[in-house]
Amino acid sequence: MVRPYGIKVNKRKERKERYDKEEDEEEEQPKFEQKQKEKERVKRAKREVTSKAEEEDDEENEIAEEAAADELDVGIPIIVSDDKKDQTGVIFVLEKASLEVAKVGKTYQLLNSDDHANFLRKNGRDPAHYRPDITHQALLMILDSPVNKAGRLKAVYVRTEQGVLFEVKPHVRIPRTYKRFAGIMLQLLQKLSISAAGKREKLMRVIKNPVTGHLPPNCRKIGFSYSSEKLVNMQKHLSTVCNETDTVFVLGAMSHGKIECDYIDDFVAISGYPLSAAYCISRICEALSTNWNII
């Protein structure tokens, strides 16, 4: 006779054999599969760390923008200058300024090569072309010059790479730090104007193109380029130009390239070496101060 529980014994043996086979298969797994699993775990951990860092950066940017917005609501202080309408003056035009606003993460920001290099590369753009600090330095040189303090600066116009033209009043005090300057440019390009503190006067405002529609009649327009074949001594050149009519100086506010404007009367070079926009403006203002005896 067959034992009644013989079937159970066979089942137990089959289960044991099955478990033994599974253990053998697990032991026989290749080492490279285990390494791949470890690599995947490391990648997941890195992704979690980077996502946390990006969230922290977004929070910091939001806090900084809120602080800048609070400062901008107060307005820009005004420097009082003497009105000398009967005297000839100068006008500066900054062409191809790199001032572009884009939505990075959850907020809109002024793009620059330092903070948004990865964002620009992902969108197929060259970070080297995004230099709003050049415009910042150029405006500081113009508005802080003795020529402006003496009331001989008539106006400043800036045209961006995207074709947006805006006017900067000569009595505006530009923020010294780039962070606050970026906040003001962001507000200007979004709201199209910035008013004075406690007044309705617009210190910066977006205006219609072309820039020639805002220039005085019969003014002489001089462009500056290192590639120009006409190398001049700035002080001697200005003594024959700036005493009879208003003069417009056109400079490029970009990192590389040449300005190509059809309204420029003459292209000159003031040095045999390539100069930054800020230093070129400083040499122009120094020559103007000497020519007009501004000390």
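Which side chains meet in a salt bridge at 2.9 Å, N to O? In this predicted model, they are the side chains of arginine 131 and aspartate 133. Arginine 131 is partly exposed, at a relative accessible area of 28%, and aspartate 133 is likewise classed as partly exposed, at 22%.

This pair belongs to a wider set, since a search of the whole structure finds eight salt bridges. Another joins the side chains of arginine 176 and aspartate 144, with an N to O distance of 3.1 Å. Arginine 176 sits in the loop between strand 5 and helix 6, while aspartate 144 sits in the loop between helix 4 and helix 5, so the contact ties together parts that are 32 residues apart in sequence. Lysine 230 and aspartate 266 also meet through their side chains, at 2.7 Å, and this pair links a loop between strand 8 and helix 7 to strand 10, across 36 residues. Here lysine 230 is partly exposed at 36%, whereas aspartate 266, at 15% relative accessibility, counts as buried. Glu167, Lys169 and Arg205 form a network of salt bridges.

Turning to the interior, the largest nonpolar core holds 50 residues, and Phe92, Phe224 and Phe249 have the most contacts inside it. Helix 8, residues 277-291, contributes the most to this core, with seven residues. A second, separate core comprises 16 residues, among them Ile91 and Val248.

Helix 8 also supplies the largest share of the lining of the second largest pocket, namely three residues. That pocket encloses about 570 Å³ of space, and its lining of 26 residues includes Gly252, Gly257, Leu275, Ser276 and Ala277, which lie nearest its centre. The lining divides into 15 nonpolar, nine polar and two charged residues.

Conventions: Residues are numbered from 1 along each chain as its sequence is written. This is a predicted model: local features need pLDDT of at least 70, side-chain atom pairs count only at pLDDT 80 or more; totals for chains, interfaces and linings use all residues. Side-chain values use heavy atoms; hydrogens and water are left out. A nonpolar core is a set of buried Ala, Val, Leu, Ile, Met, Phe, Trp, Tyr and Cys residues joined through side-chain atoms within 4.5 Å. Buried means under 20% relative accessible area, exposed over 50%, partly exposed in between (1.4 Å probe, protein chains only). Helices (H or I, at least four residues) and strands (E, at least two) are DSSP runs, numbered from the N terminus. On a 1 Å grid over the protein atoms alone, a cavity is a set of points where a 1.4 Å probe fits but cannot get out, and a pocket is an open set with protein on both sides within 12 Å along at least five of seven lines; lining residues have an atom within 4 Å of a point. Grid points are joined across faces, edges and corners, and a volume is the space filled by probe spheres set on the points. Ala, Val, Leu, Ile, Met, Phe, Trp, Tyr, Cys and Pro count as nonpolar, Asp, Glu, Lys and Arg as charged, and the others, Gly among them, as polar. A salt bridge is a side-chain nitrogen of Lys or Arg within 4 Å of a carboxyl oxygen of Asp or Glu.
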